[in-house]
Amino acid sequence: MTPRESAGIEAQCLPDPAGFSPGTIDGVLGTKSQAAAADFQRPATKYYGVTLTVDARVSPKTWPVLRAHAF
């Protein structure tokens with residue numbers, strides 16, 4: 001598994017327990033995964049106190065919020 005595939009799987013797994021389903025966990029950030037990322041980013045200010053750009057990408061600013069939420 002490449003680092004990119006591993007990151008893709010992590011990016012799909014982290015929002016799922018919060019109810020933001022990325023669809024099939026396959027490491028590919030397709031339309032469902034992007035929608036899950038955007039759905040996670042929208043309430044970030046309210047619930048996590050962080051303003052995230054809602055761009056459906058797991059950007060460097062989104063990663064720590066996803067990881068903190070998961071643990």
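Which helix gives the largest share of the lining of the largest pocket? I went looking, keeping in mind that this is a predicted model. Helix α1 (residues 3-13) does, with five residues.

**Pocket**

I pulled up the rest of the lining next. It takes in 13 residues, and Arg4, Gly8, Ala11, Leu29 and Val58 sit nearest the centre of the pocket. By type, I get seven nonpolar, three polar and three charged residues in that lining. The space inside the largest pocket comes to about 280 Å³.

**Salt bridges**

I then checked for salt bridges and found two.

Glu10 pairs with Arg67, with 2.8 Å between the closest N and O atoms. Glu10 belongs to helix α1 and Arg67 to helix α4 (residues 62-70), so this pair ties together parts 57 residues apart in sequence. I looked up accessibility for both ends: Glu10 is partly exposed at 27%, and Arg67 is partly exposed too, at 35%.

The other bridge joins the side chains of Asp39 and Arg42, at 2.7 Å from N to O. Here Asp39 has a relative accessible area of 35% and counts as partly exposed. Arg42 reaches 52%, and the cut-off for exposed is over 50%, so Arg42 counts as exposed.

**Confidence**

Last, I checked how far to trust the coordinates. Mean pLDDT for the protein chain is 89, with 99% of its residues at 70 or more. Among the elements, helix α2 (residues 31-41) has the highest mean, 93, and helix α3 (residues 44-48) the lowest, 83. Note to self: where pLDDT is low, predicted coordinates should not be read in detail.

Note on methods
Residues numbered from 1 in each chain as written. Predicted model: local features only at pLDDT ≥ 70, side-chain atom pairs only at ≥ 80, totals over all residues. Heavy atoms only, no water. 1 Å grid on protein atoms, 1.4 Å probe; cavity = no way out; pocket = protein on both sides within 12 Å on 5 of 7 lines; lining within 4 Å. Points joined across faces, edges and corners; volume = space filled by probe spheres on them. Helix = DSSP H or I, 4+ residues; strand = E, 2+ residues; numbered from the N terminus. Nonpolar A, V, L, I, M, F, W, Y, C, P; charged D, E, K, R; others polar. pLDDT = per-residue confidence, 0-100. Salt bridge = Lys/Arg side-chain N within 4 Å of Asp/Glu carboxyl O. Buried < 20%, exposed > 50% of the residue type's maximum accessible area, 1.4 Å probe, protein only.
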